[in-house]
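Please open the model in your viewer with the backbone displayed as a cartoon and side chains ready to be switched on. The tour moves from one selection to the next, and each stop says what to look for.

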Amino acid sequence: MLVEISKFGKNEVVVVSSLDVADTFGKEHNKVLRDIRELGCSNEFRLSNFGQSEYINSQNKKMPMYYMTRDGFTLLVMGYTGEKAMQFKEAYIRQFNQMEQLLIGKLKEREKGIAVRQALTNTIKECGENERMKGFAYSTYTDLIYKLNFGKTSKQIRDEKQLSKSDNLRDTFTTDELKDIQRDEMLVSGLIGNGWGYKEIKQFLLNSSFKRIE
């Protein structure tokens, strides 16, 4: 069973795939797809809780699948009966609860991160750092922090995760990764505010974190 946090529409939500449901409940995937399509729910409910996607099968062909929210999953498996089916339903519900708690924690960190980034941006502007760095101060410091934490620039991380320019990179980070980034951004903001330059800050971060920038 695999309940995960994933992009669903414009938001991140906790979802499970039709492939996983089929595997867990011992059903053929095409029958699970049929069950989803034949649900007598409203179009509004379907659009809010079932997202069509695709996967590559063993013959290297693209095949349809669905991601579903907790509500979509609940409606789908309501008719699945038997002792094992009940055990699986309970296990899924526990996983949904656990992942939703993780998502809440992540969303809280994202809200904190917005304030921290804004403070860093304001400090860069007020101290004239952006002018000294020809308008590239924020992106340069961001790459410095990303390389400290991930060993990659923001572009390299985007390419690795196959993200488009419209995708928010920070939505892909874990709660702990977001906390680490915020810690470094607050530190950089304070150092810039005290008159430190990029080279000094870079060297200080390298020495204090015992991390290496290639």
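Which residue just after α7 takes a positive phi? Select G151, whose phi in this predicted model is about 75°. Then extend the selection backwards to helix α7 itself, residues 137-150, where 14 residues reach 20 Å from the first C-alpha to the last, close to the 20 Å expected at 1.5 Å a residue. Colouring this helix by accessibility brings out its buried residues, among them Y141, L144, I145 and L148.

Next, select K134, which sits in the loop between α6 (129-132) and α7. Its phi is positive, at about 55°, although K134 is not a glycine. Most residues other than glycine have a negative phi. K134 is also exposed, with a relative accessible area of 70%.

A second stop of this kind is Q162, in the loop between α8 (154-161) and α9 (175-193). Here too phi is positive in a residue other than glycine, with a value near 55°, and Q162 counts as exposed at 74% relative accessibility.

Now turn to the strands and select residues 50-56 together with residues 62-68, which are β3 and β4, paired in the antiparallel sense over seven bridges. Within this pair, pick Q52 and look across to Y66 in β4, its bridge partner. Five residues lie between the two strands of the hairpin, and N60 takes a positive phi near 65°.

The last selections concern charged side chains, for which a search of the whole structure finds eight salt bridges. Begin with R132 and E129, whose side chains meet at 2.7 Å, N to O; these two are three residues apart in helix α6 and so separated by about one helical turn. Are the two partners buried or exposed? R132 counts as exposed at 54% relative accessibility, whereas E129 counts as buried at 3%.

Move on to K152 and E160, a salt bridge in which the closest N and O atoms are 3.5 Å apart. K152 counts as partly exposed at 26% relative accessibility, while E160 is exposed, with a relative accessible area of 52%.

Finish in helix α9 by selecting R183 and D180, a salt bridge with its closest N and O atoms 3.3 Å apart. The two residues lie three apart in the helix, about one turn. R183 counts as partly exposed at 40%, and D180 is partly exposed at 29%. Add D184 to the selection, since salt bridges that share partners join D180, R183 and D184 into one network.

How values were computed: Residues are numbered from 1 along each chain as its sequence is written. This is a predicted model: local features need pLDDT of at least 70, side-chain atom pairs count only at pLDDT 80 or more; totals for chains, interfaces and linings use all residues. Side-chain values use heavy atoms; hydrogens and water are left out. Helices (H or I, at least four residues) and strands (E, at least two) are DSSP runs, numbered from the N terminus. The expected span of a helix is 1.5 Å times one less than its number of residues. Buried means under 20% relative accessible area, exposed over 50%, partly exposed in between (1.4 Å probe, protein chains only). Two strands pair if DSSP finds at least two bridges between them. A salt bridge is a side-chain nitrogen of Lys or Arg within 4 Å of a carboxyl oxygen of Asp or Glu.
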